[in-house]
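Colleague: I have a model open and would like to learn how to read it. Where do we start?

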Amino acid sequence: MRYLPNSPADRQAMLRATGNTSIDELFAQIPAELRFRGKLNLPGPLSEAEILEFFRQAASESSREHVSLLGAGAYSHYRPVVVDALLSRSEFFTAYTPYQAEIAQGTLQAMFEFQTLMAQLTGQEVSNASLYDGSTATTEAVLMALRVTRRHRVVLARTLHPEYRQVLHTFVRHQDVKLTEVPYAASGRIDLTQLESVVDSETAAVVIQSPNFFGTLERGYEIAQLAHRHHALLIVVVTEPLSLAIVKPPSDADIVCGEAQSFGVPVSFGGPYVGFLTTQEKLLRQIPGRLVGQTVDTEGRRGFVLTLATREQHIRREKATSNICTNQSLCALAATIYLSLLGKAGLKLLAEQNLAKAHYAAEQLRGVPGVEVPFSGARFNEFVIRVPGDTDHLLEEMRREKIIGGLHLEKLYPGLKNHLLMCFTETVSKAAIDRVVEACRQFATNPRLAAQTSKPDATPARRKSVRKHKSLN
Amino acid sequence: MENRIREARPHVTRNEALIFERSSPGKVGVEFAPLDVPAVSPADLLGADFVRAEIDGFPEVSELEVIRHFTRLSTWNYGVDTGLYPLGSCTMKYNPRINEVVARLEGLATDHPYTPEELAQGCLRVLHETARCLLEITGMDAISLQPAAGAQGELTGILMIRACLTERGNPRKYILIPDSAHGTNPASVATTGYEVRNLKSNERGCVDLADLDRAMDADVAGLMLTNPNTLGIFESDIHRIAEIVHAQGGLVYMDGANLNALVGVARLGDFGVDVMHLNLHKTFSTPHGGGGPGSGPVAVKRILELYLPSPVVEESPEGKFRLNYDRPRSIGRVRAFYGNFGMAVRALAYILAKGPEGLRQTTQDAVLNANYVRSRLRDSYDLPYDQPCMHECVFSDRRQAAKGVRTGDLAKRLIDYGFHPYTTAFPLIVPGALMIEPTESASKEELDAFIDALQSIAQEVEEDPQFVLKAPYTTRVTRLDEVAAARKPVLRWKPQR
């Protein structure tokens, strides 16, 4: 076995040193009836070439020949080769959590830089060293707000990523917490009137996403004022943080959290990604997860250590701020490298390109008879369209053109029949956008498909409002 | 040498500044293709309420400076590729390079999680095959790859126990946890609405059956057990333990942190375990990455299958793969999408490289290496639980502490000998623990050098304890002031104004 360094002679010598005569004796502590003596039904051993062939075959059964308009919490951006070149430094990727600071200054300094970058980007004062992903970062932010306020109610925008809401539901189900969801208005933003009516003195936090799941920017300032009037915290979730290069950061929020996958981490069928959480200095002792702090060594030289560990599980056990015992260090490193490389000007330029692509696409699609862009609010690189007819048919038509035309929203938002969420990053060319528009035009003007058009019985906002009132009673 | 350099400054490799300090206006590290659609004005499109002028303090550096900055930082790290990394309970084994290559293949790294199933058959096949292999190795019945790390796997497993007992009529109140357990166990339990009831270890460092019998009653939902436990000792009463828990209607959770001792040699499904998690970043060679990403799949026996997180990957009779979301009794989602897919790719590559015999040989080597270290260091260090171990062994600093040198100090001195330290001060049931897990990746040659080093340090403690207390001497920075870091936290760089 090529990964094992000991020769048969080494093994014999070592066995003798332990005073044993056979390897079996070392396993004597496992009762005989529990020993597995059969042969595992597994493939292998495979040579390196065979392994490569196996995964190449799997990689060929993929969407790699397609143009993809999928976003919705995972964004396909160009990854400069420098990112992987540096991540492949094995001193980074084969190291453990940096407990022994003297021989982990590389990881520690990079995480300190990550914390700085995320704080700068989100307009907050401090950041942790990353969390698993955006969905769990959101859950951790909510749990943090519950600790800070000692209250038990959390108000969520329905425009928060549906899977993030599901994760939150899973983890607070057995705690004394009540989650209330607020519908969206015709603008595609959270319904402020509804929000106003549910936030009260029991509310620990209001959680919004911006750009929200429909790609629309939320008015954080107004919502912060509303939340703060009731001494509730505002949590702003960001799943496409590239937007923050040209969109005002949520400085009014008490906690900003979300997903930094956009920054040099591949979409990789859903993970690994990199969650982040930034906040105000006054709340730093309630932050979940790893924190890297600056200090000095005995000679007065600057160095970095993991700090405030007394919040953490290995010290506090069941009283810890979170059960998390790791961050997503390598993905956070990817983000740090990516952001350093693009820098102030590059990130802004890239964000402007995304904005321009989405704007062009929206304008072109709006010009197709029968296609609507229903939400009026300002957006970044993602938006919703409504098509006349069965969306699944349209998606199939586009697939024939090697285009994955976006995400059909009906499964996640039953009120949004025939609505598609489309994302246009810098990786989608004008030619591809024009093909998308043409496919929509063909579809909209095809009488056979148009015949299947069905009008929703009410506007989405009204339908949701009705449902909300029910759940509030 | 150093004090003879007079006029010139030493090279920055000695003290690489923060990326922000290397920045100056107008430098860029990347260029983009010209925009092929009409340019837009963010101010016009977003409006004055939304538009941001610039990100204050963001770095501005060239590509070469980025390369040099992070390359230099990397040289201040110690990794598995640098040398022996015997952190107990962390399983710092070799991270095969082919794993990194296949995880980055276009098609696997580039498929979006919402790719239509028929266009994502490759990714789904990888998930399904990884799941199948892990079930074969553990002897469990069903599995979810969704949990992002071991701690999340624990949480997921306890939530499933809760769901199952709730359906049976009573979720109950307590989870039993041995005092030797990892800190994540009680921390995970605390977030699931259960309270922790601690179990005392017996003189062998194992679960005390009498104490378990006393503690296990109709209010207890289950037991969280690590086997082999954190002393590296196999809980040989596991069957009896499971019987006691099951007799009172409880369920057994197994922390798979130490699975590297068992692969191919014993299967947890045969032990009476109802639910367990695996750490792909320990047992299955996916890199630790300086602290993540990990991956913590949860495997269960049939009775818990319906509660697994949603969705699960299924194969149709025609050999097509799909995601099944129709799981009404599932505990729900524990993470967006399907887990750390990229880690599953690497773990599968590892399993394929090893094959069934290779996996068993790996386990045997890991256990042999730990016993070799135990046998050869027992004259120099106190061995509080003196019995054969599995994949790791735990000494205490009792003899050295008499001279005022503790496990943490010994660890720092080990750095000067060129080794990454062992795990210090854990498990808690051994005061001043030195927890050593060599893994199968340590050669005899490297272990001999490590053993020599620890013997030499023991000698140094006898002769000059003060010298050891100031270690390390050979690192870029000396001991760092952790107290100052916590008292007045500086968690980010700020521009000098």
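Modeller: With domains. Their bounds come from an automatic or database domain assignment. Keep in mind that this is a predicted model.

Colleague: Which domains is chain A divided into?

Modeller: Chain A has domain 1 (81-339) and domain 2 (343-450). Taken over C-alpha atoms, the centres of these two domains of chain A are 29 Å apart.

Colleague: How many residues of domain 1 of chain A are in contact with domain 2 of chain A?

Modeller: 16 residues of domain 1 of chain A, in contact with 19 residues of domain 2 of chain A. The domain 1 side divides into 9 nonpolar, 5 polar and 2 charged residues.

Colleague: And between chains?

Modeller: The size of an interface is often given as the accessible area lost when the parts come together. Here we count contacts. 170 residues of chain B are in contact with 165 residues of chain A. On the chain B side, helix α9 (residues 341-377) gives the most, with 23 residues. That side holds 95 nonpolar, 47 polar and 28 charged residues.

Colleague: Now a single helix. Which residues of α13 (residues 391-400) of chain A are buried?

Modeller: T391(A), L394(A), L395(A) and M398(A). They lie on the same side of α13(A), because they cover an arc of only 100 degrees around the axis.

Colleague: What do the buried residues of α13(A) pack against?

Modeller: Against β12 (403-404), β13 (407-408), β14 (419-423) and α14 (430-445), in chain A. The face turned away from the buried side of α13(A) carries exposed D392(A) and R400(A). Just after α13(A), K402(A) takes a positive phi of about 60 degrees.

Methods:
Residues are numbered from 1 along each chain as its sequence is written. Chains are lettered from A and ligands numbered from 1 in the order in which they are written. This is a predicted model: local features need pLDDT of at least 70, side-chain atom pairs count only at pLDDT 80 or more; totals for chains, interfaces and linings use all residues. Two residues are in contact if their C-beta atoms, placed from the backbone, lie within 7 Å. Helices (H or I, at least four residues) and strands (E, at least two) are DSSP runs, numbered from the N terminus. Ala, Val, Leu, Ile, Met, Phe, Trp, Tyr, Cys and Pro count as nonpolar, Asp, Glu, Lys and Arg as charged, and the others, Gly among them, as polar. A residue is buried if 20 or more other C-beta atoms lie within 10 Å of its own, exposed if 12 or fewer, and partly exposed in between; C-beta atoms are placed from the backbone. The arc is that of the directions from the helix axis to the C-beta atoms.
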